[in-house]
Amino acid sequence: MLAGFLLGLREGIEAALIIGIVLGMLRKMNRMDRAPLVWLGVGIAGVLSIGVAIGLNVIGARFEGAAEQLFEGVMMLLAAGVLTWMIFWMQKQGRDTQRSLEADVKSALAPGAKWALFLVAFLAVLREGIELALFLTAVNFTEPGAAGAEAPIMGWLGGLLGLLGAIIIGWLTFESALRLNMRRFFQFTSVVLVFFAAGLVGHAIGEFNELGWIPPIVPSIYDVNGLIPQTSTVGRFLRALFGYTGSPSLSQTLGYVGYFVMVLGLMRVLASAPAVKAVEPA
């Protein structure tokens with residue numbers, strides 16, 4: 001549930017910031033008459049995102065045995081890949097997002113471009129919504145006994161609570177009642193999400209171990225289920241958020257550690273790289 005909440009909060013705040021910037025530009029330019037187009041884009045994108053989430057879960061429920069393991073493994077790797085791209089995109093491009101959006105809004109207010117404003121809001125929310133649907137589906141697969149009803153319900157409930165928190169934060173920010181340090185927020189959540197994505201990679205390799213597609217090398221390099229069972233409350237918390245496995249194979253561990261080291265290393269390189277300054281004409 002906590003992993004779902006964090007993902008819902010992160011994706012929701014990204015979408016809320018975008019919509020807040022768009023509405024703030026409309027207010028600044030005295031063009032709030034175009035705000036209904038923004039909310040129309042948000043509403044339609046939200047409905048489509050819910051449809052994608054339902055579709056992914058319906059498709060997953062139809063598979064059994066090896067096909068189910070294959071679907072879950074592919075979904076986990078796909079979610080980890082998208083999550084990694086999102087983290088690097090925010091780190092590299094996040095500082096220019098506001099200027100880019102403001103330029104888009106100004107272009108959308110030009111004569112004959114009425115529906116362009118709708119598209120700005122629609123595409124922004126749809127991207128975040130589909131990403132969240134994919135992530136929450138992957139979260140549900142990491143839960144022990146994910147085929148049961150409880151795990152998916154708790155994952156989606158966490159996501160909904162995260163979205164609710166993001167809506168409240170977005171509204172307070174837009175109304176100037178709150179000044180959240182977004183840079184620090186995204187830095188902190190990016191590190192936590194690297195752990196989560198590494199866990200997805202490890203879980204996916206575990207599914208492929210069972211399918212015989214990736215050799216385990218060593219079936220179990222240690223077993224701490226007697227200390228922290230995967231089905232316990234603590235074990236489920238650690239499994240959902242950090243990819244905890246009580247008895248991992250060597251290939252699972254190599255995948256987890258390798259992903260974690262590689263991504264954190266790249267994040268440090270990007271963070272320490274000097275900003276490219278425009279060359280002014282003499």
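## A buried valine in helix α5

In this predicted model, Val139 has a relative accessibility of 2%, and because buried means under 20% relative accessible area, Val139 counts as buried. Val139 is found in helix α5, which covers residues 116-142. Leaving aside residues up to four places away in sequence, Val139 touches Ala3, Leu7 and Phe196.

How far apart are Val139 and Trp156 in sequence and in space? The two are 17 residues apart along the chain, while their C-alpha atoms are 9.2 Å apart.

## Helices α1 and α8

Ala3, one of the residues that Val139 touches, also takes part in the contact between two helices, which is described here. The axes of α1 and helix α8, the latter made of residues 233-242, come within 8 Å and cross at roughly 30°. Since angles under 35 degrees count as roughly parallel, α1 is roughly parallel to α8. On the side of α1 the contact is made by Leu2, Ala3 and Leu6, and on the side of α8 by Phe237, Ala240 and Leu241.

Which residues of α8 are buried? They are Gly235, Arg239, Ala240 and Leu241, and of these, Ala240 and Leu241 belong to the contact with α1 as well. After α8 comes Gly243, whose phi is positive, near 75°.

## A nonpolar patch on the surface

Seven residues need to be looked at together on the surface, where Leu2, Phe5, Leu157, Leu161, Leu164, Ile168 and Phe237 form a nonpolar patch, with about 570 Å² of accessible area together. Helix α1, residues 2-28, and helix α6, residues 150-174, each supply at least two residues of this patch, and α6 gives the most to it, with four residues. Leu2 and Phe237, which are members of the patch, are also among the residues that make the contact between α1 and α8.

Leu164, one of the patch residues, lies in helix α6. Its relative accessibility is 47%, so Leu164 counts as partly exposed, whereas Val139 in α5 counts as buried at 2%.

## The chain as a whole

The chain has nine helices and zero strands, so that, by the way helices and strands are assigned, reading along the sequence gives the pattern α-α-α-α-α-α-α-α-α. Of its 282 residues, 44% count as buried.

Among contacts between residues at least 6 apart in sequence, 80% join residues at least 24 apart. The accessible surface of the chain comes to about 14900 Å², and 69% of this area belongs to carbon and sulfur atoms.

Technical notes
Residues numbered from 1 in each chain as written. Predicted model: local features only at pLDDT ≥ 70, side-chain atom pairs only at ≥ 80, totals over all residues. Heavy atoms only, no water. Patch = residues over 30% accessible without salt bridge, like charges linked within 9 Å, V, L, I, M, F, W, Y side chains within 5 Å. Areas by Shrake-Rupley, 256 points an atom, 1.4 Å probe, with all protein chains shown as cover. Salt bridge = Lys/Arg side-chain N within 4 Å of Asp/Glu carboxyl O. Buried < 20%, exposed > 50% of the residue type's maximum accessible area, 1.4 Å probe, protein only. Axes fitted to C-alpha atoms, helices over the stretch in contact; angles between N-to-C directions. Parallel < 35°, antiparallel > 145°, perpendicular 65-115°, else oblique. Contact = heavy atoms within 4.5 Å.
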